[in-house]
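I am keeping notes on a chain I opened today. I want to look up its overall size first, then its sheets, then how some of its helices are placed.

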Amino acid sequence: MDLMCVVGARPNFMKIAPILDAAASRPRIRASLLHTGQHYDERMSTLFFRELGLPQPDVYLGVGSGSHAAQTARVMLAFDEVLDGRPVDVVLVVGDVNSTLACALVAAKRGIRVAHVEAGLRSGDRSMPEEINRILTDQISDDLFTTERLADQNLLAEGIPASRVHFVGNVMIDTLLKHRERARQSDILRKLNLAPGEYAVCTLHRPSNVDTREAAENTARALEVLLDRLPVVMPIHPRTRARLDQFGLAERLERREGLRLVEPQGYLDFLALMDQARLVFTDSGGIQEETTALGVPCLTFRENTERPVTVTEGTNRLIGTDPARLQVHLKEIMESREKAGRVPEYWDGRAADRILDILEQAAA
């Protein structure tokens, strides 16, 4: 079975790594890696590939950034040319970035089997580009691999046959469990002068939180609420940095004692920061899952989440975007009244093997 695995942005790397790793020990699978270059930073990509043990991509498209339409179109055109000269039995896509939908659509039009890892997640908010990518990718996929039981229900409600839906667990947690001990050897806390359990990690980058002056002001107020309680380390996304500068908020925040604005971190250093934090404040989807696996309290600065199991079973609290609500939840956590959570079903480090078992059986 010729299995082509697609990545386009850094969050995809953690999801593909365990699949490629598991495929390497299966003689019936010939796996290749295609990187669309949707988001590409040479330093960070090189660092992530090295830390995760990823091979160099067999194909690199180099599409770069652009509008959603332009980027999706460029990926489709370039990927279509790749498939002209390369036999592929299964195209495996992960997550919800533009490359996910673009490559799934090209493969489906060619009659190539499409496998979507992390299928069925729904926020219910179609103003999010990722939500459109999720819904459309799921509709054209042949095998839909889910991370939580509610995702199965979402897919069935959208008319996907049950025979195509497979609950396998969470490949991103496969990666976390594999590298957690290595991450604990990181010296990032020493470099940033942080004490274990006595700081917060913050990541905020969604357009709804930073792309308008009103949203950015609100986000800055929330950060100030957090800083009243704890030192904060914030690996800052380029979009967030640009907007804070644009709206004159960066200087105001940088004057606050306790705030450490740092460049985006490698996988191991960031995992170490999360693992030893008192809490994490975020609008990221994947971080909601990672903190649940780590048992670290997470406050999600959004009105919705596509990962509800992190709230119903994990350590995540969906607090909305009112800084006053943040204050209430912070008080509870600082008074050791944090939400008891557990690791969800099948988040056990074996999701990649379950995925490959199913694909091999289908190809037999």
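Entry 1, overall size. I started with the radius of gyration. A compact globule of 364 residues would have a value near 21 Å, and this chain has 20 Å, so the two agree. I note that the model is a predicted one. I then looked up the extent of the C-alpha trace, which spans about 60 × 40 × 40 Å along the principal axes of the chain. For the secondary structure I wrote down 17 helices and 13 strands.

Entry 2, a sheet of seven strands. In what order do the seven strands of the open sheet run? I read the order as 3-2-1-4-5-6-7, with parallel pairing. Strand 3 (59-60) and strand 7 (165-167) are at the edges; each has a single partner strand, so one side of each has no neighbour in the sheet. As a reminder to myself, the strands of a sheet pair through backbone hydrogen bonds, in either a parallel or an antiparallel way. I checked the pairing of strand 3 with strand 2 (residues 30-35), which is parallel and goes over two bridges. Here Leu34 stands opposite Val59 of strand 3.

Entry 3, a sheet of six strands. This open sheet has the order 10-9-8-11-12-13, and its pairing is parallel. Its edges are strand 10 (259-262) and strand 13 (316-318), each with a single partner strand, so one side of each is left without a neighbour in the sheet. From one strand to the next the twist averages 20°. Inside this order I looked up strand 8 (residues 200-203) and strand 11 (residues 279-282), which pair in the parallel sense over four bridges. Val201 has Val280 in strand 11 as its bridge partner.

Entry 4, a helix on that sheet. Which strands does helix 13 lie across? I found that helix 13 (residues 267-275) lies across strand 8, strand 9 (232-235) and strand 11, and that it runs at about 130° to strand 8.

Entry 5, two helices. I looked up helix 7 (residues 171-183) and helix 14 (residues 285-294), which pack at an angle of about 50° with their axes 10 Å apart. Helix 7 and helix 14 are therefore oblique to each other. Their crossing is right-handed. On the side of helix 7 the contact is made by Met172, Ile173, Leu176 and Arg180, and on the side of helix 14 by Gly286, Glu289, Glu290, Ala293 and Leu294. I sorted the residues of this contact by class and got five nonpolar, one polar and three charged.

Methods: Residues are numbered from 1 along each chain as its sequence is written. This is a predicted model: local features need pLDDT of at least 70, side-chain atom pairs count only at pLDDT 80 or more; totals for chains, interfaces and linings use all residues. Side-chain values use heavy atoms; hydrogens and water are left out. Axes are lines fitted to C-alpha atoms, for helices over the stretch in contact, and angles run from 0 to 180 degrees between N-to-C directions. Angles under 35 degrees count as roughly parallel, over 145 as roughly antiparallel, 65 to 115 as roughly perpendicular and the rest as oblique. A crossing is left-handed if the near helix is turned anticlockwise from the far one by less than a right angle, and right-handed if clockwise. Contact means heavy atoms within 4.5 Å. Ala, Val, Leu, Ile, Met, Phe, Trp, Tyr, Cys and Pro count as nonpolar, Asp, Glu, Lys and Arg as charged, and the others, Gly among them, as polar. Two strands pair if DSSP finds at least two bridges between them. The radius of gyration is taken over C-alpha atoms; the globule rule is 2.2 Å times the number of residues to the power 0.38.
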